[in-house]
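Please look over the sequence and the model below, and then read the short report on charged pairs and on open space that follows.

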Amino acid sequence: MPDAATTTAQSLDTLDTPAALIELPRMRRNITRMQERMNALGVRFRPHAKTAKCPAVTDAQIAAGAQGITVSTLKEAAEFFAHGITDILYAVGTVPHKLPQVLALRHQGCDLNIITDNLAAAQAIAAFGREHGEVFEVLIEVDTDGHRSGIKPDEDALIAVGRALHDGGMRLAGVMTHAGGSYDLNTPEALTALAEQERAGCVRAAERLRAAGLPCAVVSVGSTPTALSAADLAGVTEVRAGVYVFFDLVMHNVGVCSTDDIALSVLTTVIGHQVDKGWAIVDAGWMAMSRDRGTQKQSHDYGYGQVCDVDGTVLEGYVLSGANQEHGILSLAAGPGSADAGDIAQRFPVGRQLRILPNHACATGAQYAQYQAVQDGAVVAQWERFGGW
């Protein structure tokens, strides 16, 4: 794993705050856990790079056995291709005005696959490909849980889109789905059931295409909860997942990780107090943590993040309960008037460093241009992160 922009360990107390920290032992353990599970289930693993948007992290995933990556923007595709990764799936529905960017990347040697879930886009892809002499590789997005985009496995539109692509001269590469509804679950039984629903629905779509005389080599499924909960992946060729590399509080509430698995945190410093309210003020507001309140609708609301000591130890009961742009409000989850609210200034003196675990690792990571890679309480490397779209 590349370690490099820092050659000597740097103490955390020398960092300006807020700063995004990656706890390397946790990240490596998360990567190993997922890859070993995919190996045991006999499927190819294509991690989603949007979580970290970081070449060093993706290199670690590929070194562990991942094959290719998934991206959510064409800028990510271009950046990772420039880094040397050629096997890329752009897993957001492609619209006509983005096809010149796709074409340019493919002409440069990028094996970029795209997706669609509607006839109009399929026809536009085929027309643009014929006009420019390019055979685009396209997967059809399938909706297996009513979460977001996609064609339901038994809809007539599936065959119509497949024919538009295949008969239009494109390569119908296969089908893909994302069981994002898994984020709303919190029991092993429910997660296992949705993982099977995801598998069965995507396989059903592939079987229908093949029965109609259309090619369908790739059957791609994936979300972190279902990838870690699937009991069987018969008929599936590859799995995609992203947030597992860092995990976060949403995934903790879902039940697929503990807080000790969360590898991304934000280093912050106490800058003041509102003792009568039981608040410590830190320099990590929503610009540092993001506005994501994904745990708000779950069984345990962590506000804007779980407060930890500088060594990563969870400080039970304390959360980032509020946030302004650059100011975070640290308090007991029970709120003002709690038993030891008056101890806030003594427990969290000005200048004390803390770590905050994020609700949504993808959103928090997006606030930073650089990660501080940490091991044994010290920064051992600084890793650049792709910014923008």
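## Salt bridges and the largest pocket

In this predicted model, Arg204 has a relative accessible area of 37% and is therefore partly exposed. Its partner in a salt bridge is Asp154, with 2.7 Å from N to O. Because Asp154 lies in the loop between strand S7 (137-142) and helix H6 (156-167), while Arg204 belongs to helix H7 (residues 188-211), the pair ties together parts that are 50 residues apart in sequence. Asp154 counts as partly exposed too, at 48% relative accessibility.

Salt bridges that share partners also join Arg44, Arg46, Asp87 and Glu238 into one network. Within this network, Arg46 is buried at 6% relative accessibility, and Glu238 is buried at 4%, whereas Asp87 is partly exposed at 22%. Arg46 sits in the loop between S3 and H2, and Glu238 in strand S10 (residues 238-239), 192 residues apart.

Three of the salt bridges are set out here.

| Pair | N to O distance |
|---|---|
| Asp154 and Arg204 | 2.7 Å |
| Asp87 and Arg46 | 3.1 Å |
| Glu238 and Arg46 | 3.2 Å |

The structure as a whole holds 17 salt bridges.

The open space comes next. The largest pocket contains about 540 Å³ of space, and among its 28 lining residues the closest to the centre are His48, Lys50, Arg148, His178 and Tyr183. Sorted by class, the lining is made up of 13 polar, 8 nonpolar and 7 charged residues, and strand S5 (residues 87-93) gives the most to it, with 3 residues.

Notes: Residues numbered from 1 in each chain as written. Predicted model: local features only at pLDDT ≥ 70, side-chain atom pairs only at ≥ 80, totals over all residues. Heavy atoms only, no water. 1 Å grid on protein atoms, 1.4 Å probe; cavity = no way out; pocket = protein on both sides within 12 Å on 5 of 7 lines; lining within 4 Å. Points joined across faces, edges and corners; volume = space filled by probe spheres on them. Helix = DSSP H or I, 4+ residues; strand = E, 2+ residues; numbered from the N terminus. Nonpolar A, V, L, I, M, F, W, Y, C, P; charged D, E, K, R; others polar. Salt bridge = Lys/Arg side-chain N within 4 Å of Asp/Glu carboxyl O. Buried < 20%, exposed > 50% of the residue type's maximum accessible area, 1.4 Å probe, protein only.
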